[in-house]
Every structure is written in C-alpha cells, then in structure tokens.
Amino acid sequence: MLRVEGLSVSYGAVQALSDVSLDVPPGRVTAVIGANGAGKSTLMRSLAGLVKPQDGRVLFDDEDITGRKPEDIARMGIALVPEGRSTIPDLTVEENLKLGGMWRSHTQRGTSLTRVYALFPVLGERRSLGADTLSGGERQQLAIGRALMCGPQVLLLDEPSLGLAPLIVTQILELVSQMAKDSGMAVLLVEQNAATALRVAKTGIVLNLGQIVKSGPAHDIANDEELRHAYLGY
Amino acid sequence: MTNFIDYFLGGVSTGAIIALMALALVLVWRSTRVVNFAQLGQAMITSFIALTVRDATGSWLLALLVAMASGLVVGVIVYFLVIRAVKRLDTSGAIIATFGVLIALQALAGMVWGGDQKAFPPPISNSGYEVFGRTWPFSPYDLLVVVMLIVLVLIMTIVFTRTSVGLAMRASAFNPEVARLSGVRVSRMLILGWAIAGLVGAVAGVLVAPLSTLSPTSFDLFLVFAFTAAVIGGLDSLVGAVAFGIGTGLVISLVSGYTDSGNAPVVALLLLVLNLLFKPEGVFSHHKARAV
C-alpha cells in the first residue's frame with residue numbers, strides 16, 4: 001500500500017537516512033525499530049511530508065507522493081501521529097478530534113467520531129474537557145483518535161510508547177493491531193521499545209544510523225539474539 | 001465625582017475602538033507571530049476609501065461596508081508583502097517590514113488624498129445625551145461604537161468556537177504542524193487571519209475617524225494605545241485585547257481629564273513598561289513568558 005524506494009534524507013552535513021526501502025502492506029502492523037538517533041522519526045516525518053528527502057521515492061498505491069505537502073498527504077489517507085505531545089492542549093478533546101479530517105463529509109466525520117469514542121471510551125467521557133486535563137495515556141489515545149478521524153488507509157505511529165506505562169502501551173498497540181486486521185488499514189509503527197513493538201507487528205525492520213540492517217518476520221527478529229545485542233540493546 | 005463619571009463615560013467609546021484595533025493586532029499575532037504595525041495604516045487607507053464613498057453616495061452604511069471589504073483585501077496584500085520578509089529574514093525582519101508598509105501606506109494616502117485634516121461626519125448625532133437636566137459625555141454615536149464592538153466580538157466568538165473554519169484557524173495558531181497533519185491548509189488560515197484583522201481594523205478606522213479628523217497620520221496615537229492594550233492582554237488573547245482595549249480607553253480619558261491630554265500616551269507607555277517588567281507574558285495569555 002505504501003512503498004518506500006531508496007529514501008535518503010540529510011540535515012546539512014548529517015545523513016539521517018540513506019537508501020531506505022521498505023513496504024507497508026495493508027491489514028497489519030509493520031514495525032521499524034532501532035536505537036535513539038537511528039533515523040526513525042526522520043523516516044516518519046518524510047513519509048508525512050514534513051521533511052523533504054534528497055533522494056528516493058514514496059509511493060502510495062503506486063502514485064508518487066514524494067515531496068507533497070503534509071496537508072495533501074493527510075487528505076490522501078496517510079495519517080501521522082507524531083512523537084510526543086501531538087494533541088493541542090488549548091482545545092477540548094472533541095475539538096482535537098474534529099480537527100482531523102475536516103475536508104471529509106459531515107456523515108463520514110460523524111461515523112468516524114462515533115468509532116473513535118467506541119474505541120477509546122475515556123475520550124467520549126471527557127469530550128468537552130480541555131485536552132490538557134488528560135493523562136499521558138489518554139493523550140496518546142486522543143492523538144491516535146485525531147489521526148483516525150482522517151479516515152486513513154495508512155497510519156503512521158511515531159514512538160507511541162514514549163513516557164507511558166508498559167501496560168497502557170500494550171493495550172493501545174493491541175487495539176491498533178486489531179484495527180488494522182479489521183479494517184485493512186496499513187500501520188507503520190516506529191519504536192525504541194522493540195520488544196513491545198515486535199509483539200504486535202507482523203514484519204520487523206531494524207534501522208541503525210539511517211540504514212536498514214535487517215528486515216523480516218517480527219518473530220524472527222525478536223528471537224535473533226545477536227541482532228538484539230548489537231542494535232536493540234536488550 | 002461628577003468629573004470622574006464624565007471622564008469615565010467619555011472613555012468608553014474610545015476604549016471600544018482601541019479594543020477593535022487591539023483585536024486586529026491579536027488576530028495577526030495569533031496567526032503568524034508578527035506584530036503588524038501597518039495595521040493602523042491599513043485602517044487609515046480604508047477610512048479614506050470610506051470617506052470617498054460617503055462623499056460620493058452620502059451613505060455611511062455603504063461606506064462602512066466598502067471599508068470592511070477593502071480592509072479584507074488590503075489585509076491580504078500586506079500579508080504577502082510582509083510574509084515574503086519572514087521567509088527571507090525572520091520575525092524581527094517582518095516587524096521592520098510592517099513599519100515599512102506603514103510608511104508606504106501613509107505616503108500613498110498623502111499622494112491620493114492629500115495631507116490635510118479631513119472631516120469625517122458621524123452618521124448619527126455625536127452630542128451627548130441629556131438626562132436628569134444635564135448633558136452627559138455619551139452620545140448616540142458612542143452607543144453605536146459600543147454596539148459595533150459587541151456585535152463584532154459576538155460574531156468572532158461564534159466563528160472561532162462554533163465553526164470548522166474557526167477551529168482550523170485556532171489549531172493553525174496553536175500548533176501549525178498538528179493542524180497540517182490533520183489536513184488543514186494552514187497557509188490559507190494565516191491569510192484568512194490577516195484578512196479578518198484587516199476587516200476589524202477597517203471598522204475601527206471608520207468608527208474613530210468622526211471622533212477627530214482623518215489624515216494620513218491621524219491614527220498614529222491609536223497604534224500606541226492599541227499596541228499597549230494588545231500586549232498587556234497577552235497578545236494572543238482576544239478577551240485580553242477587548243478587556244484592556246476598553247481599560248486603556250478609560251485610563252487615557254481619566255488621565256486626559258484630570259491632567260492634560262498630552263500625558264495620555266506617556267501613561268500608556270508607562271503601563272506597557274510596567275507590564276513588561278512584572279508580567280511579560282501578559283495578563284490573559286496562557287503561555288509562559290515570551291522573550292522581550
């Protein structure tokens with residue numbers, strides 16, 4: 001569904017990604033794992049159009065979307081949940097959600113909103129409260145909910161575990177994985193927390209210093225002791 | 001005591017106009033983090049356009065509507081002039097650019113309409129109401145000014161809090177990246193912010209012109225007052241702009257009444273300095289201190 005071919009990104013003299021190619025198939029979670037500074041966030045940001053790659057292509061359903069604006073990419077059906085605080089604390093919970101997918105029809109947005117509240121009941125309970133009153137886990141649910149409001153075919157999740165309790169991370173990721181299975185949505189998950197990510201993912205890709213060092217079934221990667229010691233540090 | 005009441009009442013409509021001007025500054029600040037010193041120049045140009053329409057047709061309402069429409073257009077034009085500077089330089093470059101635009105607008109007005117003070121007659125009586133056997137410094141025109149402020153604030157509140165475009169504008173101001181990732185065309189929202197600011201400023205210009213006279217530089221002092229009100233209000237708070245706009249109007253009326261009208265700008269600047277010393281983030285801002 002989403003295909004990356006030979007992507008290279010550099011910030012000045014620093015090469016953040018070099019010649020990265022990968023596939024993100026529908027209906028499942030693909031995990032990109034790697035240590036801090038491996039280029040994971042750069043990969044996500046260039047897929048969402050926030051960073052312009054120097055080289056390579058991003059194909060969405062065989063259409064070249066390299067270098068498009070982030071708002072256009074979002075409208076095509078690729079939604080990024082960026083790392084960290086990606087909710088707007090000055091808006092209410094429901095306003096944060098309604099921000100997603102504003103270009104869609106009233107009916108589509110209504111259906112999506114009902115679905116998000118069904119997936120994350122706590123958001124429904126707090127819909128009229130300010131987003132700044134939510135806990136870290138609830139805020140991550142809100143960020144994912146906002147992305148889902150765009151009705152995405154591809155969901156890009158950048159480090160959703162950051163600062164969250166392991167139990168909450170597992171819950172959220174399992175929900176996302178179930179959603180991918182049910183709706184045929186493609187999910188690209190980027191994580192430093194490799195063990196958790198590989199548990200929900202079908203395919204694992206190990207990124208180190210901007211290059212892919214290994215990719216294969218998540219199960220194999222999780223059990224590759226050498227790889228774990230060398231790149232994942234556990 | 002009667003003096004106090006008189007000075008107080010006399011400051012209400014001035015305060016309402018300062019509030020409108022401060023609102024325009026806040027709208028621009030919220031969308032692009034630029035203080036637009038050309039705002040008053042834009043209002044001056046649109047007031048001249050309004051005066052021309054009024055003289056030609058005799059209709060104040062038509063003049064107001066034309067001023068509002070041209071305020072939108074001039075706002076968009078100035079946005080493009082200034083934002084080019086932001087892209088090439090930085091925010092402080094843009095602020096200098098707004099000064100440049102202000103001077104250019106004043107020169108343009110001088111060339112087209114001349115440098116003299118022109119009278120801009122009010123649409124309704126500007127002599128004070130007579131109640132309890134005396135004349136109060138509050139006229140039907142003052143009432144019109146206050147009503148206009150209330151109506152504009154109500155419309156803006158509804159647009160910002162109840163409509164999708166308002167939500168998109170607020171999100172673009174608070175967090176442009178998240179807004180773009182949500183599919184909002186943020187650059188259009190910024191232009192819209194400048195356009196609405198131009199409209200609000202145009203209304204302020206048409207309302208203030210009858211209180212004195214109209215010339216290319218006659219609004220300069222209002223820039224000081226509106227800037228003071230906007231900054232004390234927190235620069236990104238619409239409520240703050242309205243509250244401190246009216247407050248500034250009352251303060252300068254009291255200062256002018258008890259001392260001399262020449263002291264009013266000094267007091268305004270003094271308030272600004274005290275604010276920046278003791279509460280630099282502004283009274284209504286929810287952000288932490290900004291760099292001064």
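I began at the β4-β5 pairing of chain A in this predicted model, and found that A:L59 stands opposite A:D64 in β5(A). I then looked up how the two strands are joined, and noted that β4(A) and strand β5 (residues 63-64) of chain A pair in the antiparallel sense over two bridges. Two residues lie between β4(A) and β5(A), which form a hairpin, and in the turn I read a positive phi of about 50 degrees for A:D61.

Next I followed β4 to its other partner. Strand β1 (residues 2-11) of chain A is joined to strand β4 (residues 55-60) of chain A by five bridges, and the two run antiparallel. For the register I wrote down two pairs: A:L2 stands opposite A:F60 in β4(A), and A:E5 stands opposite A:R57 in β4(A).

I then placed these strands in their sheet, which is an open one of four strands in chain A, ordered β2-β1-β4-β5 and antiparallel in its pairing. Its edge strands are β2 (14-24) and β5 of chain A, each of which pairs on one side only. I also checked what packs on this sheet, and found helix α1 (residues 40-47) of chain A lying across β1, β2 and β4 of chain A, at about 115 degrees to β1(A).

**The six-stranded sheet**

I turned to the other sheet that I had marked in chain A, an open one of six strands in the order β6-β7-β8-β3-β9-β10, with mixed pairing. At its edges are β6 (78-81) and β10 (211-217) of chain A, each pairing on one side only. I noted a twist that averages 15 degrees from one strand to the next. Within this sheet I looked at one pair in detail: strand β3 (residues 29-33) of chain A and strand β8 (residues 186-191) of chain A run parallel and are joined by five bridges. Here A:V32 stands opposite A:V190 in β8(A).

**Chain A as a whole**

I counted the elements of chain A and arrived at ten helices and ten strands. I then asked about its overall dimensions: a compact globule of 234 residues would have a radius of gyration near 17 Å, and chain A, with 17 Å, agrees with that value. Taken along the principal axes, the box filled by its C-alpha atoms is roughly 50 × 35 × 35 Å. Buried residues make up 53% of the 234 residues in chain A, and the accessible surface of the chain comes to about 10000 Å², of which carbon and sulfur atoms hold 48%. Of the contacts in chain A between residues at least 6 apart in sequence, 66% join residues at least 24 apart.

**Chain B as a whole**

I repeated the lookup for chain B, whose secondary structure comes to eleven helices and two strands. Along the sequence I read the pattern α-α-α-α-β-β-α-α-α-α-α-α-α for chain B. A compact globule of 292 residues would have a radius of gyration near 19 Å, and the 19 Å of chain B agrees. The C-alpha atoms of chain B fill a box of roughly 65 × 45 × 35 Å along the principal axes. I noted that 52% of the 292 residues of chain B count as buried, and that its accessible surface is about 12600 Å², with 71% belonging to carbon and sulfur atoms. Among its contacts between residues at least 6 apart in sequence, 75% join residues at least 24 apart.

**Nonpolar cores**

I looked next for the largest nonpolar core, which has 93 residues; those with the most contacts inside it are B:L20, B:L23, B:L27, B:F120, B:V200 and B:L207. Helix α8 (residues 186-208) of chain B gives the most to this core, with 15 residues. Apart from this core lies another, of 44 residues, among them A:V116, A:L134, A:C150 and A:V176. I then went back to B:L20 and, leaving aside its neighbours within four places in sequence, listed its contacts as B:L149, B:L152, B:V200, B:V203, B:A204 and B:L207.

**A glycine in a loop**

My last entry concerns B:G234, which lies in the loop between α9 (220-232) and α10 (238-258) of chain B. Is B:G234 buried or exposed? B:G234 has a relative accessible area of 2% and therefore counts as buried, the cut-off being under 20%. I also took the separation of the C-alpha atoms of B:G234 and B:W194, which are 40 residues apart along the chain, and obtained 18 Å.

Notes:
Residues numbered from 1 in each chain as written. Chains lettered and ligands numbered in written order. Predicted model: local features only at pLDDT ≥ 70, side-chain atom pairs only at ≥ 80, totals over all residues. Heavy atoms only, no water. Pairing = 2+ DSSP bridges. Axes fitted to C-alpha atoms, helices over the stretch in contact; angles between N-to-C directions. Rg over C-alpha atoms; globule rule 2.2 N^0.38 Å. Buried < 20%, exposed > 50% of the residue type's maximum accessible area, 1.4 Å probe, protein only. Contact = heavy atoms within 4.5 Å. Areas by Shrake-Rupley, 256 points an atom, 1.4 Å probe, with all protein chains shown as cover. Core = buried A, V, L, I, M, F, W, Y, C linked by side-chain atoms within 4.5 Å.
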